[in-house]
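Hi there,

Here is the structure I promised to pass on. Please open it alongside this email, and my notes follow underneath.

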Amino acid sequence: MGPGARGAAGRPVLDFANTVAWRLDSARTADRVQGAEAWARWAVAAGLLTADRAEAMLRAETADSAPTEDAAAALMDLRATLLPILDALVDDETPPAEEWEALRRSMVLAREDATLPPAFPLRWQPGTDRLGDLAHALALLTEDLLAGDGLGWIRRCAGPGCGWFFLDRSRSGTRCWRSSDDCGNRDRARRHYSRTRRRG
């Protein structure tokens, strides 16, 4: 599945991180989502916005491109902050201080901008009127993810150069690849080739 597919990684925050393809292979690294319209489409595919809401959001910002460009930059900044934190999590290391502080600031700003409906369970509600609200929504979802019980399920694909994150809900908890049909097949083909060469 591509980075825009709903549930490809198991959580929207991980799908967000995975919008950079082959991030551990500098020769192949590709940013799969660029620009405001692409981010709005991604948010629809990830289940964060309806198509009508995304279209209205973009329409409202076409009169002035500066907020739109700022919003796209904020999303890329949040993603750049999140990636090393997720790497530290799966490597069982202390998160880097600079990125951790940037994430804290993002969460604080997201809460300041969100509403808190008088209902249970208590949940911060980000706006959906501006593209900038998408970064706030993702910051709050990141808080939910990193404060939840499923931290031990987060894995990083073992495919060489891949670097995508996913939730391992397998019974054994030993899944290695983001996709058995993609990185998994490549890994099996590589091992088969190595065995064949050794026999030769």
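Below is what I found, starting with the core and ending with one aspartate. Please keep in mind that this is a predicted model.

**The core**

The largest nonpolar core holds 35 residues. Leu14, Phe16, Trp39, Trp42, Leu75, Leu86 and Leu138 have the most contacts inside it. Two or more residues each come from α1 (12-17), α2 (36-45), α3 (51-61), α4 (65-90), α5 (97-113), α6 (132-147) and β4 (165-167). Helix α4 gives the largest share, with 8 residues. Apart from this core lies another one of 7 residues, including Ala21, Cys157, Cys162 and Phe166.

**The aromatic cluster**

Three of those well-connected residues are worth a look on screen: Phe16, Trp39 and Trp42 are linked into a cluster by ring pairs. The count of aromatic pairs comes to 3. In one of them, the ring centres of Phe16 and Trp39 are 5.6 Å apart with the planes at 55°, so this pair is tilted. It joins distant parts of the chain, since Phe16 is in helix α1 and Trp39 is in helix α2, 23 residues away. Phe16 is buried at 1% relative accessible area, and Trp39 is buried at 0%.

Trp39 also pairs with Trp42: their ring centres are 5.8 Å apart and their planes lie at 80°, so this pair is edge-to-face. Both tryptophans belong to helix α2, 3 residues apart, which is about one turn of the helix. In general, an α-helix has 3.6 residues a turn, so residues three or four places apart point the same way. Trp42 is buried too, with a relative accessible area of 3%.

Another tryptophan has a charge for company: the charged end of Arg28 sits over the ring of Trp22, 3.7 Å from the ring centre.

**Helix α6 and Asp133**

The 16 residues of α6 should span 22 Å at 1.5 Å a residue, and the end C-alpha atoms are 23 Å apart, which agrees. Its buried residues include Leu134, His136, Leu138, Thr142 and Leu146.

Is Asp133, with its relative accessibility of 3%, buried or exposed? It counts as buried, because buried means under 20%. Asp133 is found in α6, and a polar atom of the Asp133 side chain lies 3.0 Å from the backbone nitrogen of Asp129. Leaving out residues up to four places away in sequence, Asp133 touches Asp113, Pro126, Gly127 and Thr128. The C-alpha atoms of Asp133 and Ala71 are 8.1 Å apart, although 62 residues separate the two in sequence.

Happy browsing, and best wishes!

Methods: Residues are numbered from 1 along each chain as its sequence is written. This is a predicted model: local features need pLDDT of at least 70, side-chain atom pairs count only at pLDDT 80 or more; totals for chains, interfaces and linings use all residues. Side-chain values use heavy atoms; hydrogens and water are left out. A nonpolar core is a set of buried Ala, Val, Leu, Ile, Met, Phe, Trp, Tyr and Cys residues joined through side-chain atoms within 4.5 Å. Buried means under 20% relative accessible area, exposed over 50%, partly exposed in between (1.4 Å probe, protein chains only). Helices (H or I, at least four residues) and strands (E, at least two) are DSSP runs, numbered from the N terminus. The expected span of a helix is 1.5 Å times one less than its number of residues. Contact means heavy atoms within 4.5 Å. A polar contact is a pair of N or O atoms within 3.5 Å; within protein, one must be able to donate a hydrogen and the other to accept it, and residues adjacent in sequence count only if both atoms are side-chain atoms. Rings of Phe, Tyr and Trp (its six-membered ring) pair if their centres lie within 6.5 Å; planes under 30 degrees apart count as stacked, over 60 as edge-to-face and the rest as tilted. A charge sits over a ring if NZ of Lys or CZ of Arg is within 6 Å of the ring centre and within 35 degrees of the ring normal.
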